[in-house]
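Biologist: I want to know where the labels come from. Can we take the terms one by one and test each against its rule?

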Amino acid sequence: MAAHAPLKPVDFHLLLALVDGPLHGYALAGRMREESDGQVQMMPGNLYAVIRRLDRQGLVTESEARQPEEDRRRRYFALTDAGRQTLASEGQRMERMANAVRRRLDAASRDPEVTT
Amino acid sequence: MKTLDASRSLLERLFRLSLWLYPRDLRQAYGGDMTRFLHQLEARARDRRLGRLRLAGRLLLDAVTAIPRAHRWQAQHVMTSVPTPGATPWRRFGKESHSMTTFPHDLRVAFRRARQNPGFTLVAAFTLALGIGANTAIFSVVYGVLLRPIGVADPEQLAVLSLHRTQDPGDAQGMWPSHLVTMREEVEGRAGVQQLASYLFDSVTLLSDGEPQELGTSLMVDGAFFDTLGVDPLLGRALEASDLIADRRGNACVISETLWRSRFGSDPDIVGRVLSIDGAPVEVVGVMPDNVPLPQTGVQLWQVQGWDVTDNRLFGRLGVLARLEPDAAFSVAEQALAASVTRFAETNPRFEAYTISLSRFRQALIGSAQPAILAAAGAVGLILLIACANMASLLLSRAVVREREIATRRALGAQRRQLTTQLLSESLLLSGLGGVLGVGLAFFLHRVLLDLASGLLPRLYDVRLDLPVLGFAVGISLLAGLVFGLAPAIWAFTRDLAGAMRGRRHARSRQSPMSDPRQALVVMQVAVAVVLVTAAALLLRNLAELRAVEPGFEITGLGGARVYLDDDAYSSDAQEIDYYLALLERLRATPGIVAAGASSGLPLDPLTIDYDLPYALPGEPESETLRQAHFRTITPGYLETLGVPLLRGRVLAASDRSDTEKVAVINETFARVAWGESNPVGESFSIYGGSRTLQVVGVVGDVRFHGPAEQTRPAFFVPHTQTSYGSMTVIARSASSGHSGDSGDHDARSAAGRQVSAAVARAALATDRNQPVHSTFALADLERGAVATDRFYGHLIAAFAAVALLLAGAGIYGVVAYWVNESRRELGLRMAVGATGGDIVGLVVSRSLKTSLIGLALGMGFSGLAARGLEPFLFGVTATDSSALTAVVAVSLAAAIFASLVPAITAARIDPVRSLRGES
């Protein structure tokens, strides 16, 4: 799984947005915007280019999940198992990084000279 | 809500077009979803200000970044992936992957080629930029004036009333307040007429925060005006019936967005502020956006006013709008309103000869401008055609040079499609470059156009370079690239493969310079340019004719002012007569003023309201006559001030008083129509249904009352002492004017006239402090205004014709230069056997001229059709005007010769020895 990490921020947010279940493109973009506090705003061209790349990499796949009355042509996307694992390992990696940062900062605040 | 539909489909169409730039499998897999995504973005953008424009910007940014990314990822994938059949759905592209990557590849190759050959690239791009820029600028006018939805609710239910003489529907004028009262009582709420509203153009002086400011175009409106028009304010509210105060101006006003921004610095708290308008406190209740459509442009302020039916300053000046029921029949409403006006005339005999007609709001707003705008659009479209032909010709020339390369690639098995995409991507690159330059040029031309057309075209506030207009620019650029990129592609597949590979260029050099498709292109270019040059020649001749028309009076040094006396202060004829006599006396005593007079109406003045009165000759029952004549009441000295020549008898004098015999001075046309060749002095005619008989005491020269293009009508002048008017136009002539030869310098004449008009305004204030003049003018400006529209279109089409000639000349130049280069051997040989430089120049020019002559002949043929279309715009010039056509032939031939002269001179400098050895 290490092959995928570290993920690009856009890929990370896209995978993260799919954790709760399959979404169609517009909803996916909306979820990504929400979860990134407005940092990641996807327009159709880039969104679908990224989806296709992640699809190729096997992290995302098309899903049959669809509201019964909905337009049948509308595609939903879901995390693959590989996608879920990649996201999890990326999460762990980020956690490790965050811990490392916290440790260093804590140490620095106790002993200010370390930082210089 | 047509607007949204129209521009949505445009944005969506552009978006769908952009999908073709993505890799094919992405487009096929997700194109539909991407479009659905767009729909949702659009739905969200709809409620926001500028939402659509912002969305367009973001989509553009998105496409620009995503397309190269998608191709890069695609390419990386193609290189790294091991095709495993049936693994995942997206791997189905396998075989097509090559063709999918060719477009960006082709584009890169095209870029490289463009950089290698900057001269060619720049010439092609600039040629196209001229065409695209001019077309985009004109399209911004076409779109803004003719196509953009009018900014009122349901414009198709809105109508404009006009009052006109029954016999002359073309000569419309405003209505009387009492008309409105009658129509409101009888028609409003019936016959499909929902509501009537009225307005009056005026000028007010605004005093707030310092300097007084004259607001040239303000509108006095009744309480129903904004409701009837159906427009929403930017801030605050519109004027309502509750703001109205009977018989006078109310103390509420609405200001324009422009005034709000320029004068009040976009103050968000403007609503509620009290301004001083003409000395009275008036509260601002709202701000109106700049696109409130009215027949006149640039309204700055709307103030509410209750019409006083006895106020003669309002007579014949009210504009009236009618809002019809959604399902109302236009003709029914018109009949009901006309019937009301007819009933009104039963008690007001002066309106017997008048009726009203209803025109649709859109028609009233833009109707008269439409044909000319479309003609301009057609003309500029021809320029694009010439520019495209130039590009096709240039691309063909290059395809010929690359004949060997193309033939080799074909022999190596290159698919027709691959070669076509390669050639197309080159032409698309050029047209894209031309489009970008063209849009830049359009921004400039757009500004110039707005400047020149100011006051001449309606709805200029709606003329913008926005998304639909830019979409048009993109569209024509793509079209130009596609259509004219195909020319060399088609050519490339009709060539003799083997011969080309061997490098044979035998056939062409023996023939004329135009022995290939480019010959046809040059013929077409010349023909089209000739059509435009003909149109320009006719319009310019027309303008010269208009300028040469003698107005019938001396314009230089004339200025004046309009005075509308207050009814209350001047309630009797004697008071009015004394006021004008006192004012004129004061004026004549002013240093520098040599003559002064006043009249109920002035020639060339758009604000003058004309009356044509029926008249009868002795022994002729008036009821049987349809004869009418222009009626003016004047003071002594008026005709002399204008400089109208006296032909017989005498002019009006101070001795013509209310208690002396009723007299009139008539114009030449009246004399001829009524009395033929015999002397009319001493004859008489009657007016007002025979109740007044006037004796003719003199005949004066004809005056073109309505500008040079109008026929002179019979007219008669009566002394104001016998028919008094409260509203007169006072004119004066300055001493310096004389009959000098400076009539060509408009600015000087205008300045001299304005000095005089300022003197008139001062004299009026000195005569009665409480009666300031209504407005001032210089006759030179009025004269210029009378032909302003003709001048605008004449100069516009002339500019187009010049560009067309330039482009056609560039086309000829390109083809001849190419032929000279190809024919070095032949030309060298001729020189080796004794041909002089002059012979060579003659040879080259005469060969190219043959083609130009075919184009010229063809163009003259088409010009016949174009000229017929122009006839409505022409005055005193026929479509077959010989001097115009001679000029066309001369100018076109000169351009054709000039264009081929440069390459011809190059040809004459060929060194025969080197060219025969095959060196260049």
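**Labels and their reasons**

Modeller: α23(B) and α25(B) are oblique to each other. Keep in mind that this is a predicted model.

Biologist: What makes α23(B) and α25(B) oblique?

Modeller: Start with the value. The axes of α23 (residues 788-822) and α25 (residues 837-870) of chain B cross at roughly 135°. Now the rule. Over 145 degrees counts as roughly antiparallel, and 65 to 115 as roughly perpendicular. The crossing at roughly 135° fits neither range, therefore the pair is oblique.

Biologist: An angle alone seems thin. What else describes two packed helices?

Modeller: The distance between the axes is also used. Here the axes of α23(B) and α25(B) come within 11 Å. Their crossing is right-handed.

Biologist: Which residues of α23(B) and α25(B) meet?

Modeller: From α23(B), they are B:I812, B:V816 and B:V820. From α25(B), they are B:V844, B:S848 and B:S852. By class, this contact has four nonpolar residues, two polar and no charged.

Biologist: Why are B:S848 and B:S852 not among the nonpolar ones?

Modeller: Ser is not on the list of nonpolar residues, nor is it Asp, Glu, Lys or Arg, so it counts as polar. Val and Ile are on the nonpolar list.

Biologist: Next, α22 (residues 779-786) of chain B. Which of its residues are buried?

Modeller: B:L779, B:A780, B:L782, B:E783 and B:A786. To be called buried, a residue needs 20 or more other C-beta atoms within 10 Å of its own.

Biologist: How do you know that they are on the same side of α22(B)?

Modeller: Look at the arc. The buried residues cover only 160° around the axis, which puts them on the same side of α22(B). They pack against β12 (558-564), α21 (746-767) and β22 (775-778) of chain B.

Biologist: Now chain A. How many helices and strands does it have?

Modeller: Four helices and three strands. Along the sequence, the pattern is α-β-α-α-β-β-α. Chain A has 116 residues, and 33% of them are buried.

Biologist: Where do chains A and B touch, and what makes a pair count as a contact?

Modeller: The C-beta atoms of two residues must lie within 7 Å. By that rule, 21 residues of chain B are in contact with 15 residues of chain A. On the chain B side, α2 (24-45) and α3 (51-80) each give two or more residues. α3(B) gives the most, with 11 residues. By class, that side has 12 nonpolar, four polar and five charged residues.

Note on methods. Residues are numbered from 1 along each chain as its sequence is written. Chains are lettered from A and ligands numbered from 1 in the order in which they are written. This is a predicted model: local features need pLDDT of at least 70, side-chain atom pairs count only at pLDDT 80 or more; totals for chains, interfaces and linings use all residues. A residue is buried if 20 or more other C-beta atoms lie within 10 Å of its own, exposed if 12 or fewer, and partly exposed in between; C-beta atoms are placed from the backbone. Axes are lines fitted to C-alpha atoms, for helices over the stretch in contact, and angles run from 0 to 180 degrees between N-to-C directions. Angles under 35 degrees count as roughly parallel, over 145 as roughly antiparallel, 65 to 115 as roughly perpendicular and the rest as oblique. A crossing is left-handed if the near helix is turned anticlockwise from the far one by less than a right angle, and right-handed if clockwise. The arc is that of the directions from the helix axis to the C-beta atoms.
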